[in-house]
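Here is a walk through one protein chain, taken a stop at a time. Keep the 3D view open and follow along.

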Amino acid sequence: MKTVIVIPARYASTRYPGKPLVMLRERDGTAKSLIQRSWEAAMAVNGVDAVFVATDDARIKEASEAFGAQVIMTSETCENGTARCAEAATAGVFDADLVVNLQGDAPLTPAWFVEDLIAAMAARPEAPVATPVVRCDAQTYAHFRADRAAGLVGGTTAVFDRSNRALYFSKEVLPYIAPAKEAEAEGEVFHHVGLYAYRPAALAQYASWPEGRLERHEGLEQLRFLENGTNILCVEVEGKGRVFWELNNPGDVERIESILNAE
């Protein structure tokens, strides 16, 4: 399959304006923007034909081209990353059998997450969309619980059926685990990784549908697929000791920097 990675990035984030250009520093003082670190994560993936940053902002375009990225300019009307990928796919810049959306706020995405996702789509040709999930370890589960206790919207959880087809995604911690059983929580909660692989036809369909009710309430773009009866394959990937976290809130900068330094 000819596979292309698109990194959607917008400056006007509701929760964190200017997020793609926030600098992340390593212990030795090396500083790189969030979008550059996400692009570097994409460039480390094997079996990909091209990587593009898709944005509507000249500042992100300029910064991305400065570190060597190919950029596709998209409209300001793209309401989320999937819509931006759909528009990028129709820009006439590339032709692909599979479009991977590696979101611009996920610099900790290991290459094997993407490689496993691509392999799953090759093995399941009937799947229109796929996304990775990771079993929460104790540290990640604690992060989820801490964010919710503080009233913050942090990571997303996924629940799926026995065929690994998604049942629901939520910014709440699902499934609910009673306090008395929290010792059993490790391995029972799945962290949804903000990474998608789409067949071009599924992307085109997505762009034709209006925003869904659940999508609007949760603020989760992938729910539009479920609300329109399109299956999403959940692909379990191994953390291999790596802590995965997206940059959702300003407080996540320090968390991600600490993970980068630990690695």
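P175 sits in the loop between β9 (166–170) and β10 (190–192). Keep in mind that you're looking at a predicted model. The bond leading into this proline is one to look at: L174 and P175 are joined by a cis peptide bond, with omega at about -5°. Another backbone detail turns up at N164, in the loop between β8 (156–160) and β9. N164 isn't a glycine, yet its phi is positive, at about 65°. As for its surroundings, N164 has 26% relative accessibility, so it counts as partly exposed.

Now for the inside of the protein. The largest nonpolar core holds 33 residues, and the ones with the most contacts inside it are I5, I7, V53, V114 and L195. Which elements give two or more residues to this core? They are β1, α1, β4 (50–55), β6, α4, β7, β11 and β12. The largest share, 8 residues, comes from α4. If you pick out I7, you'll find it touching I35, S38, W39, A42, V51, F52, V53, A54, L102, Q103 and G104, leaving out residues up to four places away in sequence. There's also another core, apart from this one, with 31 residues, among them A50, A54, A83 and V133.

Helix α4 deserves a stop of its own. It covers residues 111–123, 13 in total, and spans 19 Å from its first C-alpha to its last, close to the 18 Å expected at 1.5 Å a residue. Its buried residues include A111, W112, F113 and V114, and further along the helix L117, I118, A120 and M121 are buried too. What covers them? The cover includes the strands β1 (3–9), β6 (98–102), β7 (129–135), β11 (195–198) and β12 (232–236).

Next come the aromatic rings, which make 8 pairs in this model. Take Y196 and Y198: their rings are stacked, 6.0 Å centre to centre, with 15° between the planes. Both Y196 and Y198 are buried. W209 and F225 meet in another way: their ring centres are 6.1 Å apart and their planes stand at 85°, which is over the 60° cut-off, so this pair is edge-to-face. This pair ties together distant parts of the chain, 16 residues apart, with W209 in the loop between α6 (200–208) and α7 (213–218) and F225 in helix α8 (residues 223–227). Are these two buried or exposed? W209 has 16% relative accessibility, so it counts as buried, and F225, at 1%, is buried as well. Step back and you'll see that Y196, Y198, Y206, W209 and F225 form one aromatic cluster.

Charged side chains have their own partnerships, and the model has 14 salt bridges. In one of them, R37 meets E26 at 3.1 Å, N to O. The two come from distant parts of the chain, 11 residues apart: R37 belongs to helix α1 (residues 34–43), while E26 lies in the loop between β2 (23–25) and β3 (31–33). R37 is buried, with a relative accessible area of 7%, whereas E26 counts as partly exposed at 28%.

Another salt bridge links R224 and E215, at 2.9 Å from N to O. Both R224 and E215 are buried. Salt bridges with shared partners bring E79 in too, so that E79, E215 and R224 make up one network.

The last stop is around R59, whose side chain meets that of D57 in a salt bridge of 2.8 Å, N to O. How exposed is each partner? R59 counts as partly exposed at 45% relative accessibility, while D57 is buried, with a relative accessible area of 11%. You'll find D57 in the loop between β4 and α2 (58–66). Setting aside neighbours within four places in sequence, D57 is in contact with Y11 and M73. Y11 also brings us back to R59: the charged end of R59 sits over the ring of Y11, 3.6 Å from its centre.

Definitions and conventions:
Residues numbered from 1 in each chain as written. Predicted model: local features only at pLDDT ≥ 70, side-chain atom pairs only at ≥ 80, totals over all residues. Heavy atoms only, no water. Phe/Tyr/Trp six-rings, centres within 6.5 Å; stacked < 30°, edge-to-face > 60°. Buried < 20%, exposed > 50% of the residue type's maximum accessible area, 1.4 Å probe, protein only. Helix = DSSP H or I, 4+ residues; strand = E, 2+ residues; numbered from the N terminus. Lys NZ or Arg CZ within 6 Å of the ring centre and 35° of its normal. Expected span 1.5 Å × (residues − 1). Contact = heavy atoms within 4.5 Å. Salt bridge = Lys/Arg side-chain N within 4 Å of Asp/Glu carboxyl O. Core = buried A, V, L, I, M, F, W, Y, C linked by side-chain atoms within 4.5 Å.
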